[in-house]
Amino acid sequence: MSKDLIDELGELTYLEVNTEKKKAFSNNFQEIIKHIDQLQDLKEEVDILPYYYTQTLREDVLIPTEERYSKDTKKAIFDEMPKTQDGYLLVKAILKN
Amino acid sequence: MKEFEFSIETINQMYNSGDLKPSEVIETVISNIDSKDEEVKAYLSVFKEEMQKKATELDAKQKKGEKLTKLEGIPMSVKDAILIKGHKATSSAKILENYTATYDATVINRLRESGIIFTGKTNLDEFAMGSSTENSAFQKTTNPHDKTKVPGGSSGGSAASVAAKMAVVSIGSDTGGSIRQPASFCGITGLKPTYGRVSRSGLMAMASSLDQVGPFANSALDCAYILDAMEGQDDLDATSVSIPASQKINFEYIKDKDIAGMKIGISKEMLPDDISPEIKEVMDQIIEFYKSKGVIFEDIELPYTKYGIPTYYILMPAEVSSNLSRFDGIRYGLSKFDESDTLQEMYQKSRTQGFGEESKRRIMLGAYVLSSGYYDAYYTKAKQVQQLIRNDFKKAYQKVDAILCPTSPHTAFGLGEKIDDPLSMYLEDMFTIPANIAGITAISVPVQVKNSLPIGFQLMGNHFEENIVLKLSHSYQSQK
C-alpha cells in the first residue's frame with residue numbers, strides 16, 4: 001500500500017492524512033487489506049438472496065415543506081446551518097470567476 | 001438515601017406499593033453520577049433538571065394513588081448517536097461537537113411515551129466505530145470494575161452508566177457487537193435485536209444494513225421490557241418490520257423457567273478449542289447449567305462464520321464511506337467556510353479537521369473496496385460470503401433453538417493497549433459480528449466469576465426469536 005494510494009483515497013473522500021502519521025496509517029491499511037483478502041481464497045459462488053422478509057413500501061406522497069416542518073423545526077434546522085443568507089443556505093462557489 | 005435494586009420490576013413494585021418515590025430514584029442516580037462519573041466518564045451530558053421535573057410530576061401521580069406503568073419513572077441513559085430533540089447529539093465526533101438534534105429518534109418518542117426518564121447522553125467511539133470507546137473525540141470512558149481497563153465499545157458509555165448505577169437501563173446501537181461486547185466487559189446484559197425489529201430513524205447511520213438499536217440492563221427481563229416498548233414498524237424506516245403476533249415479546253413465556261427439551265447448538269467455529277482457559281471454564285459451567293435444566297445440546301456447523309471479520313470489514317466501511325459523506329461542513333456541523341476559497345477546499349478542511357483517525361481509516365477503506373476494479377473482488381465477494389453465513393445459520397436453526405458462544409475472546413483489556421493496532425481491535429468482535437451479518441438476534445449475559453473481570457456468554461437466536469434467547473437468559477439469571 002503506497003503513500004500515493006493513501007493520497008488518492010484522500011482526494012476521493014476529501015480527507016487528508018497528517019504527514020507524520022501517513023506511514024503508520026499506510027502500514028495499518030496494508031494489514032487490514034491483507035486480512036480482508038482472505039475472502040479471495042473462497043471459490044464458492046452463491047446467489048445473493050433478498051433479506052429475510054419482504055419490505056412493503058408505501059406509495060410516494062408529496063408533502064410541501066411548509067406542512068412537513070413546523071416553524072420551530074425549520075428555525076432549528078436553519079440554526080444548525082453554518083452559513084445562511086436571506087433565508088438560504090450559503091455555499092462556496094463551485095466554479096471560480 | 002433509600003436502598004433499592006436497580007431493576008425495572010423491583011422499582012415498579014416499590015413505586016406501586018408506596019415504598020419508593022420516582023424522585024428518590026432520580027436523586028440516587030444523580031448522586032451516583034456526581035460521585036462516580038468524574039472517573040468513569042460515561043456521560044457526555046446529563047439532563048439533571050429535566051429528570052427532576054419529570055420525577056416530580058410522577059411523584060404527584062403516585063401521591064394521587066394512581067398506579068405507575070412498568071417503565072414510568074425508570075431512568076435511562078442514551079448513546080449519543082441517538083437523537084433527542086433540543087439536546088446535543090455529537091456521536092462523540094468533533095465534526096458534530098455543537099450540533100443540536102432537531103427531531104426525536106423514533107425509539108426516543110416511543111420510550112418517552114412509555115414514561116421513561118432520560119438521564120443524559122453517553123460516550124461512544126466516534127460514529128460508533130471502535131471496540132473500546134477510546135475513539136471518542138471528547139473523553140475516554142473507563143470500566144467501572146477496573147478503571148485501568150476499557151468498558152468495551154462502541155456503546156461503552158451506555159454500558160458503564162448501567163454498571164456504575166448511573167442509570168437503571170440504557171440504549172445503544174449494535175453494528176458489529178457494540179452492545180454485546182461492552183455489556184460483557186461491564187458485567188451487564190445487552191441485547192442486539194433482529195435487524196428490522198427496531199426503527200433506526202434518528203440513529204446516526206454508520207452501516208445502515210447492519211445497525212440496530214438495542215437495550216442494556218441488569219437482566220434479560222429488563223431488556224425485554226425496553227424492547228417491548230420500542231420495537232415495531234415505523235413509517236420513517238423502510239427496513240423496520242411489523243412483527244407477527246407470535247413473535248412479539250411474550251412475558252409469560254420468558255418468565256416460565258421450564259426450559260427442558262429446548263435445544264442449544266455449539267459449533268467449533270464459535271467455541272474453538274484454543275479459546276482462553278478462563279473463557280473456556282465459564283463456557284463449560286454454562287453448558288453444565290443448561291444441561292442440568294434439561295436443555296439438549298447439539299453439535300452444529302457454521303463453516304463460513306470464520307470469514308465474518310473480513311466480510312464485515314468490507315461491507316461496513318463501504319456503507320460508512322457513503323453515510324459519512326453527508327458531513328461536508330455545509331448543512332450542519334463543523335465548517336471551515338471562512339478559511340476556504342473553494343467548495344472543494346471547504347469540504348476537505350471541514351472533514352479533515354472534523355473526523356478522527358478511525359473514521360478516516362474506515363471512510364478511505366470503504367472508498368477503496370468500492371472503487372472501480374476492486375468492487376467485484378471485494379464488495380460483491382463480501383455480499384456472497386454474507387449469504388453463505390446466512391445459509392449457515394438458516395441450516396443450524398433447523399436443528400436448534402439457539403446457539404451458545406462467548407461474547408468476547410477475553411475479559412476487558414487495558415486502556416491504550418490496542419489503540420495503535422486497528423486490526424487487533426477489529427478481531428475483538430470475532431464472536432459478535434456473525435449475528436450482524438446474518439441479521440439475527442443475540443444477547444450477552446454476564447457471568448460472575450470470583451477474582452476476575454466480568455465475562456459474558458452469548459446466545460444467538462433466529463430472526464425475530466428474541467423470546468427464545470430472553471427465556472434462556474432469564475432462566476440462567478433466575479437461578480443465581
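Which residues line the largest cavity? The lining is made up of A81(B), S91(B), F127(B), A128(B), S173(B), T175(B), L203(B), M204(B), A205(B), M206(B) and D211(B). Find them in the structure above, which is a predicted model. The space they enclose is about 60 Å³. By class, this lining has 7 nonpolar residues, 3 polar ones and 1 charged one. How many cavities of 30 Å³ or more does the structure hold? The count is 1.

Now turn to the pockets. The largest pocket has a volume of about 980 Å³. Its lining holds 29 residues, and those closest to the centre are L83(B), Y99(B), T102(B), Y103(B) and G202(B). Chain A also takes part. Helix α4 of chain A, residues 71–80, supplies at least two lining residues, and so does α4 of chain B, residues 106–113. Which element gives the most to this lining? It is α4(A), with 3 residues. Sorted by class, the lining of the largest pocket has 13 nonpolar, 8 polar and 8 charged residues.

The second largest pocket comes next. Its space is about 570 Å³. A total of 39 residues line this pocket. Nearest its centre lie N135(B), E357(B), E358(B), R361(B) and I419(B). Several elements give two or more residues to this lining. From chain A comes α2 (22–36). From chain B come α10 (308–323), α11 (343–354), α12 (357–370) and α14 (422–426). The top contributor is α12(B), with 5 residues. The classes here are 13 nonpolar, 14 polar and 12 charged.

Both pockets have brought in the two chains, so to speak; next, look at where the chains meet. The size of an interface is often given as the accessible area lost when the parts come together. Between chain B and chain A, the buried area is about 5400 Å². Carbon and sulfur atoms give 68% of that area. In terms of residues, 69 of chain B are in contact with 50 of chain A.

What holds polar partners opposite each other here? The rule finds 13 residue pairs in polar contact across the interface of chain B and chain A, both residues being at pLDDT 80 or more. Several helices of chain B give two or more residues to the side that touches chain A. They are α10, α11, α12, α13 (375–396) and α14. The largest share, 12 residues, comes from α13(B). By class, this side of chain B has 34 nonpolar, 22 polar and 13 charged residues.

How many salt bridges are counted between chain B and chain A? There are 2. In one salt bridge, the side chain of E357(B) meets that of K21(A), with 3.3 Å from N to O. E357(B) has appeared before, among the residues nearest the centre of the second largest pocket. Another salt bridge joins D338(B) to K83(A), and here the closest N and O atoms are 3.2 Å apart. This pair crosses between chains. D338(B) sits in the loop between α10 and α11 of chain B. K83(A) sits in the loop between α4 and β1 (84–85) of chain A. Over all chains, a search of the whole structure finds 25 salt bridges.

Methods:
Residues numbered from 1 in each chain as written. Chains lettered and ligands numbered in written order. Predicted model: local features only at pLDDT ≥ 70, side-chain atom pairs only at ≥ 80, totals over all residues. Heavy atoms only, no water. 1 Å grid on protein atoms, 1.4 Å probe; cavity = no way out; pocket = protein on both sides within 12 Å on 5 of 7 lines; lining within 4 Å. Points joined across faces, edges and corners; volume = space filled by probe spheres on them. Helix = DSSP H or I, 4+ residues; strand = E, 2+ residues; numbered from the N terminus. Nonpolar A, V, L, I, M, F, W, Y, C, P; charged D, E, K, R; others polar. Contact = heavy atoms within 4.5 Å. Buried area = accessible area lost by both parts, 1.4 Å probe. Salt bridge = Lys/Arg side-chain N within 4 Å of Asp/Glu carboxyl O. Polar contact = N/O pair within 3.5 Å; in protein donor to acceptor, adjacent residues only side chain to side chain.
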